[in-house]
Structures are given as structure tokens and as C-alpha cells.
Amino acid sequence: MKTHLFVPIIIFNFFLTQHLSAQSKPNIVILFVDDWGWSDVGYRNNQFYTPNIDQLKKDGMEFVRAYIPTPTCSPSRASLLTGKEAIRLEMPRHIEHKNKDGTNDEKYNYWKNDPAKMPSINWLPLNEVTYAELLKEQGYFNMFIGKWHLGHEPYYPIYQGFDDMFGTGNWGHPKNYYPDFFKDELLENYTDEYLTDVLTNKAVDFINEYDRPAPFMMSLWYYNVHSPHVGRKDFINKFLEKGYNEKEAIYASMVASMDESVGSVRAALKSKGIDKNTIILLFSDQGGYYSNAPLSGGKIGGNTLGEGGSRVPFLVYYPGVTTPGSESNTPIQTIDVFPTLAEIASNKTYKSREIQGKSLLPEMSGEKLKSRDLFFYRSYEDQYAAIIFEDWKLIKYRSGKYKLFNVVDDISEKKNLIGKGFSIEKRLKRKLNKWEKCAVPVY
């Protein structure tokens, strides 16, 4: 009799443990902003009104030196989803809209001013493993909201591990932040709403209405603050009243709208009673369109691998793990999100030679990550590759020149140290050249 009773009890306890384990896994919210500069936040620059982001920093942890491997719309998204450097995915540039509906069914695009004339793939291949697919294996329900820019319909989020999506089309940016939002029927049933509010309301509704026993992962990828620069009217008026000029008021209002969205999402989590079991990550896809002072460079201008183009805000709130108000000065990249989520969901270190990212969980827990090389690649202009190791950055140009900076002592990259006798110069050149041979496709 004991034998017959013992087996069912074991089976029952196993399934009970599995169920409780799934329930206890934290929910995950990923807030991914478009073209939001490192300096475009209230706690760094009082030109911006970001009380909710400021509070998130106080409650969580900031990675002060967070970078994008390829600071450009589509490649930054591909790296985030896969944990891989985008150049290894054949994606050094953004996906261009070829057809009237925003699609592009040709495998590669070419940039006429690119000195290398390098092809860039027009979608994220379906055989690539995304963080959504990884989390799905761990029992998560995955929701996607907002900008995709990783391929037309056959490559949409619902075919890349997400269970549902909203506000997602072929477009890399809207035609307006007020209706009509896009050049097609995407989100056509709106009259006077602001686009960021539409996406935020959907995110809040998803949180409020979520009733599954499984944990959820919600990716809210904003169209804000990408051009066209159209601010929310009430915010614009407030900034104009404070003496801002029109351009400043419009952009500040776009940042303020995104900040309000962050606050709304956090308020919904708290109202639902799940804020203490939900991880929030907030960061940007590349540097800002306008000034990124004190950082040099930005989204445009030929210096996108400068700190102002490749360095982005990166905040993490992990209740019970991150120390409130803490900062990390360890250089990281957004490829690190993939293995971090994998470790959080499985409670195991994610090991794979297929990715370049490293889990940030040790650093989030108060341990220092080992020093490592971070690599960068673009294919638009003369400037095209870079490497960061600890305090140092080496930038390479197709015309043959290099620039070397100590970006800790010289955050504005004003002192080019090439040829000044620093031994790090030869070391970084050698490593960057070796990486190029391994990572950059040859056609």
C-alpha cells in the first residue's frame, strides 16, 4: 500500500512545486525608448522634467556606462533580443522602408554613402533565439507593445516568441504622434490621442487585466522620442510658459510624455499588488538626436560611436536584489539583457557560445563583473568600429585613422591620445582587428 500511495504523493508534490515555482518567478517589464540620449533625463539635466524616471533611479540601480553595440534603430533591437552583436546577424544598419506599406521583402539593403558598400539584412531571421522564446520556455506569457522595426509581417513579434502584440507594424517611426499615426491602417481607430498615451494605456490595461497563473514579460518599445518631433500639446504649453523656445519645448514634452508613461506603468503594477515581484528595465536604443553634452557625438553627424551616440541611460529595478540608489560604473552593453533575463527566469547561469552578452545579475547583486572587451560596429560613414576596455575607447575609421580616449578622465572625448605613447593603443588595435576578422561577415 505504501508504495502505491508514495508515488502519487511524489508526483503531486512535484507538480505543486513546479506551480509554486512558476508563481514565484518575477514578472518582467522592459521599457525601451527610441533615440533617448544619456543626458536627456532630469537627474542629469534640469532642462528635462522626469520625476518618474528620477524616482526609478532612487528605487533601483543605474548602469552609468551602458552602451549599444550598433547604435542604430534595427541593429540595437536585434542585439537586445538575441544577446548578439548585430554585425554577426548581418545587420549593421536600419531596415529601410521600400514599399508604400513600409515593407521591404528584399533580403539586403545598401546605403549609398557607405564607404564599404556593405549589405544589411532587412529582418531578424526566425532561427535566431530571442529573449521572448527563452522566457516562454520558462513558462512566461510574453506581450509586445509598440515599435518593432525588425522586419515585415512574417517576422513580427508573434513569430519571435511573443504571445500577443499591439501597435506594431512595419514602420521605424510614425508620420505623426497624433492621428493619423502611420501611413497605413495601423492604430487607425483614434481621433485625438497622443501615440505614447495609446501604447501606455494598452500596457496599463494588460497589467490590470492579466489573470494567468504564469508570470508575464511585457516589452513596451516606445516610438518616442524618435522624429518627427511632435510633443503632447499640454506639455508643450507648460514648457513654453517656462521660457523654452519652441524646439526645446517640443522635445522636452516628448521626454516628459515618456516619463509619464513610466509612472503609469509603475502605478499599475502597484495597484495590482505585483510591484514587489516585478523587475523593470528602462533604457534607450541609441544616443539622442540633439545635443548629448557633456558627451560627444550623437545619433547623426558621423560620430555615433562617440559616447553621445553609443552610451545610453540604463536603469534596473529588481526588488530585493538591486540596492536603492546604487550605481555601477562597469561598462556593459544591451546584449547583456538576454542572458540576464535567462538567469532570472531559470535561476541558472545561461551558457552559450552563440551569444556575446554576459548576465548582469552578479553586478545587480553587488558583485563586480570581470573586465572585458566591448565591440561596436556601424556601416554608414567613415567611422565604423570601436572597442572599449575599462576606461579606454579606441575608434577606427575606414580612411585609416584611429582615435583613442580615456572616457572616464575625458568624458567629452576632447583629448585624442593616439600616438601619445600609451601601451593600451597597440593592445586595443590588435584586439579590434582580431574581432573584425571573426565577427564581420565577408561578402
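This passage walks through a buried strand, a small sheet, the salt bridges and the cavity of a predicted model.

Strand S9, residues 278–284, is a good place to start. Every one of its 7 residues is buried, so the strand is largely enclosed by the rest of the structure. In a regular strand, side chains alternate between the two faces of the sheet. In S9 both faces are covered: Thr278, Ile280, Leu282 and Ser284 are buried on one side, and Ile279, Leu281 and Phe283 are buried on the other.

The pairing of S9 comes next. Strands of a sheet pair through backbone hydrogen bonds, in either a parallel or an antiparallel sense. S9 runs parallel to strand S1 (residues 27–33), with 7 bridges between them, and here serine 284 of S9 sits opposite valine 33. With strand S11 (residues 314–317), S9 pairs in the antiparallel sense over 4 bridges. Isoleucine 280 has tyrosine 317 in S11 as its bridge partner.

Elsewhere, 3 strands make up an open sheet with mixed pairing, in the order S10-S3-S13. S10 (311–312) and S13 (332–333) are the edge strands, and each has a single partner strand, so one side of each is left without a neighbour in the sheet. Strand S3 (residues 66–67) pairs with S13 in the parallel sense over 2 bridges, and tyrosine 67 stands opposite glutamine 333 in S13.

On to the charged side chains. Side chains of opposite charge can pair when their charged atoms come close, and a search of the whole structure turns up 25 salt bridges. One of them joins arginine 77 and aspartate 285, at 2.8 Å from N to O. Arginine 77 belongs to helix H3 (residues 73–82), while aspartate 285 is in the loop between S9 and helix H8 (307–310), so the pair ties together parts that lie 208 residues apart in sequence. Neither end is open to the surroundings by the accessibility figures: arginine 77 has 0% relative accessibility and so counts as buried, and aspartate 285, with a relative accessible area of 0%, is buried as well.

A second salt bridge brings together the side chains of arginine 232 and glutamate 260, at 2.6 Å from N to O. This pair also links distant parts of the chain, with arginine 232 in the loop between strand S8 (216–221) and helix H6 (233–241), and glutamate 260 in helix H7 (residues 246–272), 28 residues apart. Arginine 232 counts as buried at 10% relative accessibility, whereas glutamate 260 is partly exposed at 30%.

Lysine 368 and glutamate 363 form another salt bridge, at 3.6 Å from N to O. Here the two ends sit in contrasting settings: lysine 368 is exposed, with a relative accessible area of 60%, but glutamate 363 is buried at 5%. Salt bridges with shared partners also join Asp34, Arg77, Lys147 and Asp285 into one network.

That leaves the empty space inside. Rolling a probe the size of a water molecule over the atoms shows where such space is left. The structure holds 1 cavity of 30 Å³ or more, and the largest cavity takes in about 70 Å³ of space. Its lining includes Ile95, Glu96, His97, Gly102, Thr103 and Asn104, along with Asn122, His149, Leu150, Gly151, His152 and Asn170. By class, the lining residues divide into 2 nonpolar, 9 polar and 1 charged.

Technical notes. Residues numbered from 1 in each chain as written. Predicted model: local features only at pLDDT ≥ 70, side-chain atom pairs only at ≥ 80, totals over all residues. Heavy atoms only, no water. 1 Å grid on protein atoms, 1.4 Å probe; cavity = no way out; pocket = protein on both sides within 12 Å on 5 of 7 lines; lining within 4 Å. Points joined across faces, edges and corners; volume = space filled by probe spheres on them. Nonpolar A, V, L, I, M, F, W, Y, C, P; charged D, E, K, R; others polar. Buried < 20%, exposed > 50% of the residue type's maximum accessible area, 1.4 Å probe, protein only. Pairing = 2+ DSSP bridges. Salt bridge = Lys/Arg side-chain N within 4 Å of Asp/Glu carboxyl O.
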